[in-house]
Amino acid sequence: MEDITRGGQFLVKETKSENIFTPEDFSEEQVMMRDSVKEFVDREIWPNKERFEKKDYALTEESMRKAGELGFLGVAVPEQYGGLGMSFISTMLTCDYISGATGSFSTAFGAHTGIGTMPITLYGTEEQKQKYVPKLASGEWFGSYCLTEPGAGSDANSGKTKAELTADGKHYKINGQKMWISNAGFCSLMIVFARIEDDKNITGFIVEYDPNNPNGITLGEEEHKLGIRASSTRQVFFNDTLVPVENMLAGRGEGFKIAMNALNVGRIKLAVACLDAQRRTISGAVNYANERVQFKTPIANFGAIRAKIAEIATNCFVGESACYRAGGDIEKRINARLADGNSHQEAELKGVEEFAIECSILKVAVSEDIQNCTDEGIQIFGGMGFSEDTPMESAWRDARIARIYEGTNEINRMLSVGMLIKKAMKGHMDLLGPAMKVADELMSIPDFDVPDYSELFSEEKELISKLKKAVLMVAGSAVQKYGTELEQHQQLLMCASDMLIEIYMAESGILRAEKLAKSKGAENVKEQIAMAQLYLYNAVDIVYTKGKEGIISFAEGDEQRMMLMGLRRFTKYVNMPNVVALRETIASKVIAENKYPF
């Protein structure tokens with residue numbers, strides 16, 4: 001079996017560029033899928049943007065049916081249940097490109113294909129899968145996911161909805177209230193989480209919904225939201241709703257596990273679903289900058305605008321690099337498990353679960369990049385950007401939800417570090433050894449020889465390995481000091497998480513650019529090289545700032561001075577890049593092509 005990286009191992013193991021998957025590696029079939037999804041969005045979604053903004057829920061439902069007819073709702077569903085049975089990467093790129101035009105449709109699509117269909121595909125019995133999944137894969141039925149309650153948001157397992165076995169033992173009677181339920185207004189099936197008696201953990205149920213025979217289910221009015229306006233979002237009330245016992249999903253008390261694993265997949269899919277929105281926002285902003293003339297010249301010629309275009313293009317390129325790198329790793333893990341005889345369900349569940357740390361990192365990084373991208377899009381448009389007549393203000397509003405759902409970014413930041421430490425404690429990866437080596441290095445005399453950085457990316461890779469030492473130093477010392485109580489020090493965890501996020505993202509950009517340079521020649525990909533270098537430059541600053549904040553919060557005296565000295569050593573360039581020149585290289589290409597061209 002190929003040596004497959006384990007989740008979180010990027011921190012302690014060097015990754016070679018030839019071992020990562022990048023968007024340039026799409027197969028012919030995947031390129032065809034990408035192009036057909038783009039064509040669908042350009043034909044059905046983009047021209048109707050105004051109707052989506054006016055809360056045309058019927059249009060969302062109609063567009064979902066069309067997506068079902070084209071097979072897009074069943075990309076991840078195995079063929080025996082009416083789907084296309086395509087690879088994990090193919091499901092990611094479908095999510096990516098279907099999400100470009102409007103957050104309303106993107107949310108409906110993501111809720112249905114992810115948390116509406118996937119729990120049955122991955123946890124259902126054979127009978128449940130045969131009965132429900134083909135209808136969901138074709139778009140005959142739509143799914144929704146009823147987890148959140150007024151008192152149970154981030155603390156998902158604290159829900160109060162109850163499920164009680166009827167006297168004849170044939171049904172569970174469900175009573176309770178759910179809120180923020182996407183697709184509630186047009187779904188035929190709900191994945192509902194409820195607690196049986198005083199169980200520690202909630203249980204999942206498949207609940208059919210027919211408005212002509214509501215079975216004790218009532219829906220609240222459509223919520224009026226900042227963005228994703230044509231995404232149906234309602235409260236759902238259950239009053240003695242009868243659910244056959246055979247509709248329990250997985251086992252009793254396993255609902256929390258279903259919810260958590262659904263979120264892992266949801267996080268990487270949400271990250272990738274922010275990418276085409278960035279591409280389209282960048283292209284729209286550049287079009288405008290090339291056309292808008294002030295002081296007798298297009299504003300695209302002004303350095304202040306060019307800097308913005310370079311930065312948002314860089315973040316998009318690196319977001320793509322990191323999402324598809326993680327997707328490739330997950331797919332390798334799934335294939336390895338299938339080769340070992342695991343079922344499709346087990347292979348996919350364990351494959352994604354292995355990279356839960358990366359899924360959390362991506363969710364945070366890319367959701368924040370899309371918000372920044374749309375914000376800069378408004379700024380480039382100036383006063384026009386604030387008007388509903390341009391697509392920027394709706395893109396900005398739609399982007400805002402991405403930092404909240406699939407677990408808030410604060411929760412995901414703490415999860416990424418928490419999961420990393422748990423992996424080390426379980427012996428799934430060695431963090432202690434590398435952390436001890438860093439501690440020894442801090443006590444040693446630094447090497448003052450000037451290294452030979454003649455090879456492309458040699459300094460950048462060395463710098464990334466030093467940034468990894470910085471996070472090992474901070475996290476290792478924090479674990480030594482606080483032990484199991486570390487999770488109570490949330491601000492410190494947030495610092496360590498930001499360091500971890502920047503390392504994964506920056507390394508992903510460097511690896512993709514290096515892989516491109518090897519295959520196409522460095523001269524032919526100078527803009528991609530510049531983006532990788534620019535992102536790393538920004539990442540180094542963040543790692544230094546967050547590292548300093550973290551160290552000062554728990555270390556004192558000589559220990560603090562020693563760690564701050566180490567942090568300076570680990571975040572120091574030998575040859576500082578000319579950042580203005582890097583931005584100029586990137587912006588020139590984007591402006592000349594009048595779109596996001598990478």
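How far apart do the end C-alpha atoms of residues 466-569 lie, and how much of the span is helix or strand? In this predicted model, the two ends sit 8 Å from each other, and the span is 87% helix and 0% strand. UniProt, in an unreviewed entry, lists residues 466-569 as "domain: Acyl-CoA dehydrogenase-like C-terminal".

Now zoom out a bit. The domain assignment splits off domain 1 (143-253) and domain 2 (430-593), and their C-alpha centres are 45 Å apart.

Next, the packing. The largest nonpolar core has 167 residues, and the ones with the most contacts inside it are Phe 105, Tyr 324, Leu 362, Met 473, Met 505 and Leu 536. Domain 1 and domain 2 each give this core at least three residues. There's also a second, separate core of 19 residues, which includes Cys 146, Tyr 172, Val 207 and Met 248.

Take Leu 536 as a way into the big core. Leaving out residues up to four places away in sequence, Leu 536 touches Glu 460, Leu 463, Ile 464, Leu 467, Ala 506, Ile 510 and Tyr 573.

Cys 146, from the second core, leads us to strand β1, residues 143-146. In a regular strand, side chains alternate between the two faces of the sheet. Here both faces of β1 are covered: Gly 143 and Tyr 145 are buried on one side, Ser 144 and Cys 146 on the other. β1 pairs with strand β4 (residues 189-196) in the parallel sense over four bridges, and Val 192 in β4 is the bridge partner of Cys 146.

Back towards the N terminus, look at helix α3, which runs over residues 57-69. Its 13 residues reach 19 Å from first C-alpha to last, close to the 18 Å expected at 1.5 Å a residue. Which of its residues are buried? They are Leu 59, Thr 60, Ser 63, Met 64, Ala 67 and Gly 68, and they pack against α1 (28-45), α2 (49-53), α5 (103-116) and α7 (126-138). Just after the helix, Gly 71 takes a positive phi of about 90 degrees.

For a contrast, is Asp 449 buried or exposed? Asp 449 counts as exposed because its relative accessibility is 60%, and exposed means over 50%. You'll find Asp 449 in the loop between α15 (432-443) and α16 (458-482). Asp 449 and Asn 261 are 188 residues apart in sequence, and 48 Å separates them in space, C-alpha to C-alpha.

Methods:
Residues numbered from 1 in each chain as written. Predicted model: local features only at pLDDT ≥ 70, side-chain atom pairs only at ≥ 80, totals over all residues. Heavy atoms only, no water. Domains from an automatic or database assignment. Buried < 20%, exposed > 50% of the residue type's maximum accessible area, 1.4 Å probe, protein only. Pairing = 2+ DSSP bridges. UniProt positions renumbered as here; feature names shortened; annotations may be inferred. Expected span 1.5 Å × (residues − 1). Contact = heavy atoms within 4.5 Å. Core = buried A, V, L, I, M, F, W, Y, C linked by side-chain atoms within 4.5 Å.
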